[in-house]
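Colleague: I'm new to reading models like this one, and I'd love a close look at a single part. Could you walk me through the aromatic rings and their surroundings?

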Amino acid sequence: MTTDVTDTGLGTIRAGILGGGFMARVHRTAARDAGGELRAVATRSASGSRQAADELGAGRAEIDVATLLDAEDIDVVHICTPNATHADLALRALEAGKHVICEKPLATNADDAKRLVELAAERGRVAAVPFVYRYHPMVREARARVARGDVGELLTLDCSYLQDWMLLPTDDDWRVRSATGGASRAFADIGSHLCDLIEFVIGERIRSLSARTRRVFDERAGQTVDTEDIVAILVETESGALGTLLISQMAAGRKNALTLELHGSLQSLRFEQERPEELWVGMRRESRILLRDPATAAPDSARLQRVPAGHAMGYQDAFNGFIADVYAAIGGVHPTGLPTFEDGYRSAVLTEAVLASAATDGRWTEVAA
């Protein structure tokens with residue numbers, strides 16, 4: 001169960017943000033919604049920090065990362081920087097005694113991610129990764145229905161995460177090059193969200209997988225590309241359920257189409273992130289669309305529903321719920337379903353398994369526990 005941050009006894013949580021792009025704005029909004037105070041921002045340069053501080057409404061702009069991490073008036077550091085910097089910045093933040101919220105991927109390899117898990121435990125710090133799709137109320141509803149046996153035995157999964165922002169050869173981003181984004185792009189960027197959501201909802205892990213990847217353009221905007229655009233994966237879960245996963249950043253017209261469909265021996269469930277107010281329930285004799293309603297929802301779903309039925313909730317609401325749980329955890333509460341560095345490590349393990357399988361033309365690969 002969660003508690004509002006104002007009830008934790010800790011007082012106002014003071015936040016610092018590293019980075020100044022889109023995700024920094026999302027973190028800023030969620031931190032304020034949770035009752036936090038944005039004390040400082042730092043980017044790669046003093047001028048960039050000043051601009052970000054102005055845009056985010058921070059108390060001050062720090063001249064560099066080290067200054068922000070050393071600041072005594074910051075309780076939690078939000079890391080919203082390019083992927084290749086995450087592990088080092090999270091390490092430095094933990095060593096400085098801060099609680100940490102680090103954008104995914106937590107690290108570009110599993111060894112670094114595991115080291116961060118161990119350090120967070122050693123220092124007794126709250127350390128979280130924003131797998132925020134867990135915080136859609138209808139995801140929690142699906143999870144509750146699976147846990148109480150409504151779907152019966154899980155048989156198959158049909159899941160995907162589709163975007164189109166890299167469809168054209170002129171589309172470019174720092175993520176396309178491994179030096180800044182890591183060895184994987186499409187899977188590490190969005191496939192990680194999909195796999196986290198699958199394991200969270202079904203309550204079991206992916207045991208093995210077979211993956212193929214495709215890079216459509218070897219160059220973008222005149223620069224070499226060395227990461228994948230598309231990933232297709234076959235998976236087997238611990239209970240023996242089989243599934244197909246399609247991840248693409250080149251699916252024309254799809255903006256943020258994360259879809260989770262589970263087929264059980266009694267029922268099927270389907271959640272679409274672009275239609276977050278709904279949960280499709282499929283049965284042999286009839287199918288239903290279940291609409292979000294705190295009056296009838298499972299308790300873990302109802303607690304995240306901040307407005308009455310009929311008042312649409314979306315992505316920022318999910319992110320707000322995540323940050324509220326992190327801040328409550330800093331105050332000593334233990335929220336249900338909070339994604340931690342352990343989940344960031346799990347994502348890194350899955351990423352390495354996908355890349356290993358793809359490197360052998362789809363050979364079945366066991367996923368480490």
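In which helix do Phe319 and Phe322 lie, and how many residues apart are they?

Modeller: Happy to! Keep in mind that this is a predicted model. Phe319 and Phe322 both belong to helix 10 (residues 315–330), and they are three residues apart, about one turn of the helix. Both of these residues are buried.

Let's put that into the wider picture. The structure holds five aromatic pairs. One of them joins Tyr133 and Tyr161, with 6.1 Å from centre to centre and 80 degrees between the planes, an edge-to-face arrangement. Tyr133 sits in the loop between strand 6 (127–128) and helix 6 (137–147), while Tyr161 is in strand 7 (residues 154–162), so this pair ties together parts that are 28 residues apart in sequence. Both tyrosines, Tyr133 and Tyr161, are buried. Now back to your two phenylalanines: the ring centres of Phe319 and Phe322 are 5.8 Å apart and their planes are at 85 degrees, so this pair is edge-to-face. You can look for these residues together on the screen, since Tyr133, Tyr135, Tyr161, Tyr315, Phe319 and Phe322 form one aromatic cluster.

Some rings have a charged side chain over the face. Arg143 lies over Phe200, at 4.0 Å from the ring centre. Lys114 lies over the face of Tyr345, at 5.2 Å from the ring centre.

Next, the nonpolar surroundings. In soluble globular proteins, nonpolar side chains tend to be buried together. Here the largest nonpolar core has 73 residues, and the members that touch the most others are Val201, Leu209, Ile233, Leu245, Ile247 and Phe341. Helix 8 (residues 186–202) gives the largest share of this core, ten residues. Leaving aside residues up to four places away in sequence, Ile247 has contacts that include Tyr161, Phe187, Leu194 and Val231. So Tyr161 turns up twice in our tour: as a ring partner of Tyr133 and as a contact of Ile247. Phe322 has a place in a second, separate core of 32 residues, which also includes Ile17, Ala24 and Ala52.

Finally, strand 6, which comes before the loop of Tyr133, is part of an open sheet. Six strands make up this sheet in the order 3-2-1-4-5-6, with parallel pairing. Strand 3 (60–61) and strand 6 stand at the edges with a single partner strand each, so one side of each is left without a neighbour in the sheet. At the strand 3 edge, two bridges join that strand to strand 2 (residues 37–42), and Ala61 is the bridge partner of Val41.

Notes: Residues numbered from 1 in each chain as written. Predicted model: local features only at pLDDT ≥ 70, side-chain atom pairs only at ≥ 80, totals over all residues. Heavy atoms only, no water. Phe/Tyr/Trp six-rings, centres within 6.5 Å; stacked < 30°, edge-to-face > 60°. Helix = DSSP H or I, 4+ residues; strand = E, 2+ residues; numbered from the N terminus. Buried < 20%, exposed > 50% of the residue type's maximum accessible area, 1.4 Å probe, protein only. Lys NZ or Arg CZ within 6 Å of the ring centre and 35° of its normal. Core = buried A, V, L, I, M, F, W, Y, C linked by side-chain atoms within 4.5 Å. Contact = heavy atoms within 4.5 Å. Pairing = 2+ DSSP bridges.
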